[in-house]
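Here is a friendly note to read with the structure open beside you. Take the points in order, and find each residue on screen as you go.

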Amino acid sequence: MFDRREFVEFMLDNGVVGFFERPVTLKSGRTSNWYVNWRTVSGDAFLIDMLSDFLIKFADDRGWAPDSFYGVPEGASKLGIISTLKRARAQKDFAPGRYPLPMGRGKPKEHGEPRDRMFLTPPAGRIVVVEDVTTTGGSLLAALDNLRLLEVEVIAAVGLTSRMERRDDGSTVAAAVRAMGCEYHALSSAEDFLPAAFERLAPGPEIGRAIEEEFARYGEKPLKLIGN
């Protein structure tokens, strides 16, 4: 069974969450004094094995039974492949031709059929789409749009971490994904781990106030890190 508190501890123990003394510009174009970075975990064989267990448990708890996990290129590609293989091998009907092992292209080819331009190996059947970090959901929504080219059933879209930010139009990532015909879920959200990370790493009240202001400006809801 998936344990969210255990997952947050895994994040904190492996340096997934941290703080910047000076704000940096994120891929979304917004600035922030905190980060979530899964690259160290996904680059370590032992840690990504543990991470895939968390993802598989999360899916199994919900009874999704996907044929594969499709990782959004390129941040979650490895996790999607490893999770697909591990879950498929545990099934009684594991056999040639039964479970696809999909992988998307980070940069589409300029020529060829759409399925070949967008995918190294196209997904098939019932899939769960996986993103590492969702901020405004741009990469995730682009992946979902590409999957419309294929005859697949997207069971759900899953983020390892949601930054809990509203999009420029004021909507949430969950609402934007729902508008494309599927549900969005997150293994962790900012409110789950940021207070614990702030206490453990103690970046100081100035950074705490800056992050509170971020959430007042962009957040799905306010987040309190320091006292008045």
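1. How many bridges join strand β6 to strand β7, and do these strands run parallel or antiparallel? Nine bridges connect β6, which covers residues 125-134, with β7, which covers residues 152-162, and the two strands run parallel. Please keep in mind throughout that you are looking at a predicted model. For a spot to find on this pair of strands, try E131, which stands opposite G159 in β7.

2. Now step back to the sheet. It is an open sheet of four strands in the order β3-β6-β7-β8, with parallel pairing. The edges are taken by β3 (68-71) and β8 (183-186); each has a single partner strand, so one side of each has no neighbour in the sheet. On average, neighbouring strands of this sheet are turned by 30 degrees against each other, direction ignored. As background, strands of a sheet pair through backbone hydrogen bonds, and the pairing can be parallel or antiparallel.

3. Next, the charged side chains. Side chains of opposite charge can pair when their charged atoms come close. In this model the count of salt bridges comes to 17. The next three points visit some of them.

4. Start with R87 and D60, whose side chains meet in a salt bridge at 3.2 Å, N to O. This pair links distant parts of the chain: R87 belongs to helix α4 and D60 to helix α3, and they are 27 residues apart. Are the two partners buried or exposed? R87 counts as buried because its relative accessible area is 11%, under the 20% cut-off. D60, by contrast, has a relative accessible area of 40%, so it counts as partly exposed, a class that lies between 20% and 50%. The side chains of D60 and R87 are also joined by a polar contact of 3.2 Å. To place D60 along the chain, note that helix α3 spans residues 45-61. For a sense of distance, D60 and E9 are 51 residues apart in sequence and 21 Å apart in space, C-alpha to C-alpha.

5. A second pair is K221 and E191, with side chains that meet in a salt bridge of 3.0 Å, N to O. Again the pair links distant parts of the chain: K221 sits in the segment after α9 (205-218), E191 sits in helix α8 (residues 190-201), and 30 residues separate them. K221 counts as partly exposed because its relative accessibility is 39%. E191 counts as partly exposed too, at 38% relative accessibility.

6. Then look at R163 and E165. They form a salt bridge in which the closest N and O atoms are 3.1 Å apart, and both residues are buried. Which residues are linked with them in a network of salt bridges? The network links R30, R163, E165, D168 and E214.

7. Finish at the surface, with side chains of another kind. L85, F94 and L101 form a nonpolar patch there, and together they have about 270 Å² of accessible area. L85 lies in helix α4, which spans residues 77-89. With a relative accessible area of 41%, L85 is partly exposed. Helix α4 also holds R87, which is buried at 11% relative accessible area, so try finding L85 and R87 on screen and looking at each in turn.

Terms used: Residues numbered from 1 in each chain as written. Predicted model: local features only at pLDDT ≥ 70, side-chain atom pairs only at ≥ 80, totals over all residues. Heavy atoms only, no water. Buried < 20%, exposed > 50% of the residue type's maximum accessible area, 1.4 Å probe, protein only. Polar contact = N/O pair within 3.5 Å; in protein donor to acceptor, adjacent residues only side chain to side chain. Patch = residues over 30% accessible without salt bridge, like charges linked within 9 Å, V, L, I, M, F, W, Y side chains within 5 Å. Areas by Shrake-Rupley, 256 points an atom, 1.4 Å probe, with all protein chains shown as cover. Salt bridge = Lys/Arg side-chain N within 4 Å of Asp/Glu carboxyl O. Pairing = 2+ DSSP bridges. Axes fitted to C-alpha atoms, helices over the stretch in contact; angles between N-to-C directions.
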